[in-house]
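Colleague: Before I use this model, I would like to go through the labels attached to it and hear the reasoning behind each one. Please show me the sequence and the structure, and then we can begin.

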Amino acid sequence: MKRLALISACALIALAPLAATAAENRCGWVQNPTPGNWWLTDGDGQWTIMTQGSYEAPGMEHIGDISAGDYIATNGNYGYACGCMQVDTDGQGTILQINSFRQLSIGKCENDEALPAPN
C-alpha cells in the first residue's frame, strides 16, 4: 500500500508542470506593427509572440495573413487585427506556443471595454 502511495505521489509531481502550461484562450488585439514583431494585447496585458531576430513562439503558422481578414493597416503592410488564440504562456507576458488562432471583426475588440486601444 505504501508503494502504491509513493508511485501515485511521484506521478502527481511529474505531471505538475503539465498542468501549469495548460492551454489558455486569449482574445484581443493581434498586433504586427513592424517586420518580425508580433504581440497580443488582452485584458491581462501584452503578450509577446515574436520579436525580430530574438524570439518566435512555435505555431506562428496558425496566425497566417491577418491582412486577409478584418484588419487595420498602420505602417505600410503592417497593422493589427482582433482575434482569439489558444496558447500556452509563461504567465508573465510571453506566449510559449500558439495552438490555434481565429480572427474576429475589429468591432469585437473595439467594443470590449477590458481592452486598451491598440498601439
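Colleague: Where along the chain is Ile66 found?

Modeller: In this predicted model, Ile66 is found in the loop between strand 4, residues 55-56, and strand 5, residues 71-75.

Colleague: Why is Ile66 called buried or exposed, whichever label applies?

Modeller: Its relative accessible area is 4%, and the label buried requires a value under 20%, so Ile66 counts as buried. Among the residues that Ile66 touches, leaving aside those up to four places away in sequence, are Val30, Trp38, Tyr80 and Phe101. The C-alpha atoms of Ile66 and Tyr80 are separated by 7.6 Å, with their positions 14 residues apart along the chain.

Colleague: What makes Trp29 and Tyr80 an aromatic pair, and of which kind is it?

Modeller: The count of such pairs comes to 1. The ring centres of Trp29 and Tyr80 lie 5.2 Å apart with 90° between the planes; since pairing asks for centres within 6.5 Å and edge-to-face for planes over 60 degrees apart, the pair of Trp29 and Tyr80 is edge-to-face. Trp29 belongs to strand 1, residues 24-34, and Tyr80 to strand 6, residues 78-89, so that the pair links distant parts of the chain, 51 residues apart. Both Trp29 and Tyr80 are buried.

Colleague: How do you know that strand 1 is paired with strand 6, and in which sense do they run?

Modeller: Strand 1 and strand 6 share 9 bridges in the antiparallel sense, whereas pairing asks for at least two bridges. In that arrangement Gln31 stands opposite Tyr80 in strand 6. Strand 1 is also joined to strand 2 by 4 bridges, again antiparallel, and there Gln31 stands opposite Trp39. Strand 1 and strand 2 form a hairpin with 2 residues between them, and Gly36 in the turn has a positive phi of about 75°.

Colleague: What makes Cys27 and Cys84 a disulfide?

Modeller: Their sulfur atoms are 1.9 Å apart, and the criterion is a separation within 2.5 Å, so Cys27 and Cys84 are counted as a disulfide. The link is right-handed, with 110° about the S-S bond. Because Cys27 lies in strand 1 and Cys84 in strand 6, the disulfide ties together parts that are 57 residues apart in sequence.

Colleague: Why do Cys27 and Cys84 carry the labels they do for accessibility?

Modeller: Cys27 has a relative accessibility of 30%, which lies between the 20% and 50% limits, and therefore it counts as partly exposed. Cys84, at 7% relative accessibility, counts as buried.

Colleague: How many disulfides does a search of the whole structure find, and what is the pattern they follow?

Modeller: The search finds 2, and they follow the pattern 1-3, 2-4 when the bonded cysteines are counted along the chain. Besides the link of Cys27 and Cys84, there is one between Cys82 and Cys109, whose sulfur atoms are 2.0 Å apart. With 80° about the S-S bond, the link of Cys82 and Cys109 is right-handed. Cys82 lies in strand 6 and Cys109 in helix 2, so this disulfide ties together parts that are 27 residues apart in sequence. Both Cys82 and Cys109 are buried.

Colleague: Why is Glu110 called buried or exposed, whichever label applies?

Modeller: Glu110 has 56% relative accessibility, and exposed means over 50%, so Glu110 counts as exposed. Its place is in helix 2, residues 106-110, and its C-alpha is 8.7 Å from that of Cys82, 28 residues away in sequence.

Colleague: Which residues have the most contacts inside the largest nonpolar core?

Modeller: That core has 17 residues, and those with the most contacts inside it are Trp38, Ile49, Ile63, Met85, Ile95 and Ile98. The elements giving two or more residues to it are strand 2, strand 3, strand 6 and strand 7. Apart from it lies another core, of 8 residues, among them Tyr80, Cys84, Leu104 and Cys109.

Colleague: What is the mean pLDDT of the protein chain, and over which residues does pLDDT stay under 50?

Modeller: The mean is 87, and 82% of the residues reach 70 or more. Over residues 3-19 pLDDT stays under 50, and the model has 0 contacts beyond four places in sequence for them. Where pLDDT is low, predicted coordinates should not be read in detail.

Methods. Residues numbered from 1 in each chain as written. Predicted model: local features only at pLDDT ≥ 70, side-chain atom pairs only at ≥ 80, totals over all residues. Heavy atoms only, no water. Phe/Tyr/Trp six-rings, centres within 6.5 Å; stacked < 30°, edge-to-face > 60°. Buried < 20%, exposed > 50% of the residue type's maximum accessible area, 1.4 Å probe, protein only. pLDDT = per-residue confidence, 0-100. Contact = heavy atoms within 4.5 Å. Core = buried A, V, L, I, M, F, W, Y, C linked by side-chain atoms within 4.5 Å.
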